[in-house]
Number of protein chains: 2
Amino acid sequence: MAAFHALIRAHARVVRMLEAELETEQGLSLPAYEVLAHLSEAPDRRRRMTELASFAILTPSGLTRLVDKLVRDGLVERQRCGTDARVVYAALTDAGFARLVAAYPTHLRGVRTHLIDRLAPEQLDAIAEALGPFTDDPLAHDAVPPGDCL
Amino acid sequence: MAAFHALIRAHARVVRMLEAELETEQGLSLPAYEVLAHLSEAPDRRRRMTELASFAILTPSGLTRLVDKLVRDGLVERQRCGTDARVVYAALTDAGFARLVAAYPTHLRGVRTHLIDRLAPEQLDAIAEALGPFTDDPLAHDAVPPGDCL
DNA sequence: CCGGAATACTTGCGCTCGCAACCTTCTTGG
DNA sequence: CCAAGAAGGTTGCGAGCGCAAGTATTCCGG
């Protein structure tokens, strides 16, 4: 139970500081940064909305609105799928990638100063190992043909 | 960095499930539960707003609104301090305590099934030890005379 | 080939909450 | 004793986001 309390309080503090820095220095919210970063690592720099949502911290509806905003800002664009008209891809634009690159140092520095520097390396490993499995649950990575859409 | 991602994702998942259960079964949000629980452990079952906020996951303004709601629901009441007219205490009412007692099993079960049962005991210890220090920072527990108010 | 179930996303609605500004009440230096 | 500033809470405002319902498309049993 102590672990639970530590988890939610540490999360609140670290995230609050990161968000403040990222917002004032780069004009990006943390969820927005996470989405951009995740897209940048994806093949063709794009992902289906559902993938993005299950990976991300957001519900589908939250993701839709966030992507709306990113599209308005010209950082991502929506692409439709040729073989299944239901699915939508969010694709990183060049401007979005540039924005991500610009924001990366701020984010990295924040994570360092607020989290990494305050823990021993073996503690970081322990956290990653213990909490990592919570990430993978939802989708068992079904084989979705990646290149079947324009 | 893996630790950071694991932290925010695990937090999102665990908290989302807990909130859903607590809300549907007991009609309490997780922050509300946390405030009630913290008050129940305090001397005279009351705390200053500032203490509550720095301990809690909320900013002062967020806490004000949450306490507003809890007062409307009759679960806490505001008390003024005789020696310093600026400070406000939030005090747990009997109804609030009863509500907390009723909600306790739901919360405990949730934390168990969604967090504790999924980790080894030594992992829980590691998390508590690593993330615990983040909780204590903000206030160094200055000596505030506890009994100086009605 | 067709109608119902399932899937992928989107929107209406409402609540929560953070920031900045504000008011009130102590405290402190002159 | 009286400003000037600090400290404790509260509010105006607006952004973010979850839930449930809605729309569009695909899948599947008969």
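This dialogue goes through how to read a predicted model of two protein chains with two DNA strands.

Reader: What conventions apply here?

Author: Residues are numbered from 1 along each chain as its sequence is written, while chains are lettered from A and ligands numbered from 1 in the order in which they are written. Because the model is predicted, local features need pLDDT of at least 70 and side-chain atom pairs count only at pLDDT 80 or more, whereas totals for chains, interfaces and linings use all residues; side-chain values use heavy atoms, with hydrogens and water left out.

Reader: What is the mean pLDDT of chain A, and where does pLDDT stay under 50?

Author: pLDDT is the predictor's confidence in each residue, from 0 to 100. For chain A the mean is 90, and 90% of the residues reach 70 or more. Residues 138-143 of chain A stay under 50. For that stretch the model has four contacts beyond four places in sequence, a contact being heavy atoms within 4.5 Å.

Reader: What pattern of helices and strands does chain A follow?

Author: Helices (H or I, at least four residues) and strands (E, at least two) are DSSP runs, numbered from the N terminus. Chain A has seven helices and three strands, in the order α-α-β-α-α-β-β-α-α-α. Along the principal axes, its C-alpha atoms fill a box of roughly 50 × 35 × 25 Å. Of the contacts in chain A between residues at least 6 apart in sequence, 58% join residues at least 24 apart.

Reader: How many residues of helix α2 of chain A are buried?

Author: Buried means under 20% relative accessible area, exposed over 50%, and partly exposed in between, with a 1.4 Å probe and protein chains only. By that criterion 44% of the 150 residues of chain A are buried. In α2 (residues 30-40) of chain A, nine of the eleven residues are buried, so the helix is largely enclosed by the rest of the structure. Among them are Leu30(A), Tyr33(A), Glu34(A) and His38(A). At the start of α2(A), a side-chain oxygen of Ser29(A) reaches to within 3.2 Å of the backbone nitrogen of Ala32(A).

Reader: How are chains A and B related?

Author: Two copies of a chain are related by a rotation about an axis and a shift along it. Copies are superposed by least squares on the C-alpha atoms of residues with pLDDT of at least 70 in both. Here a turn of 180 degrees with a shift of 0.0 Å along the axis lays chain B on chain A, at an RMSD of 0.0 Å. The two copies are thus related as by a two-fold rotation axis. As 100% of the interface residues of chain B are also interface residues in chain A, the copies meet through the same surface.

Reader: Which residues does His114(B) touch?

Author: His114(B) is in helix α5 (residues 94-114) of chain B and is buried, with a relative accessible area of 13%. Leaving out residues up to four places away in sequence, His114(B) touches Phe134(A), Val14(B), Met17(B), Leu18(B) and Glu21(B). A polar contact is a pair of N or O atoms within 3.5 Å; within protein, one must be able to donate a hydrogen and the other to accept it, and residues adjacent in sequence count only if both atoms are side-chain atoms. The side chains of His114(B) and Glu21(B) make such a contact at 2.6 Å.

Reader: Which residues come nearest to DNA strand D?

Author: A residue is near a strand if one of its heavy atoms lies within 4 Å of it. Of the 24 residues around DNA strand D, the nearest are Thr59(A), Ala85(A), Thr50(B), Arg65(B) and Arg78(B). Sugar and phosphate account for 65% of the atoms of DNA strand D that come within 4 Å of the protein. The side chain of Arg78(B) has an N or O atom 2.7 Å from a phosphate oxygen of DNA strand D. On the base side, an N or O atom in the side chain of Arg65(A) is 3.2 Å from a base oxygen, and a polar side-chain atom of Arg86(B) lies 3.3 Å from a base nitrogen.

Reader: Which atoms of DNA strand C do Arg86(A), Arg65(B) and Ala85(B) approach?

Author: A polar side-chain atom of Arg86(A) lies 2.9 Å from a base oxygen of DNA strand C, and one of Arg65(B) lies 3.1 Å from a base oxygen. Ala85(B) has a backbone N or O atom 2.6 Å from a phosphate oxygen of DNA strand C.
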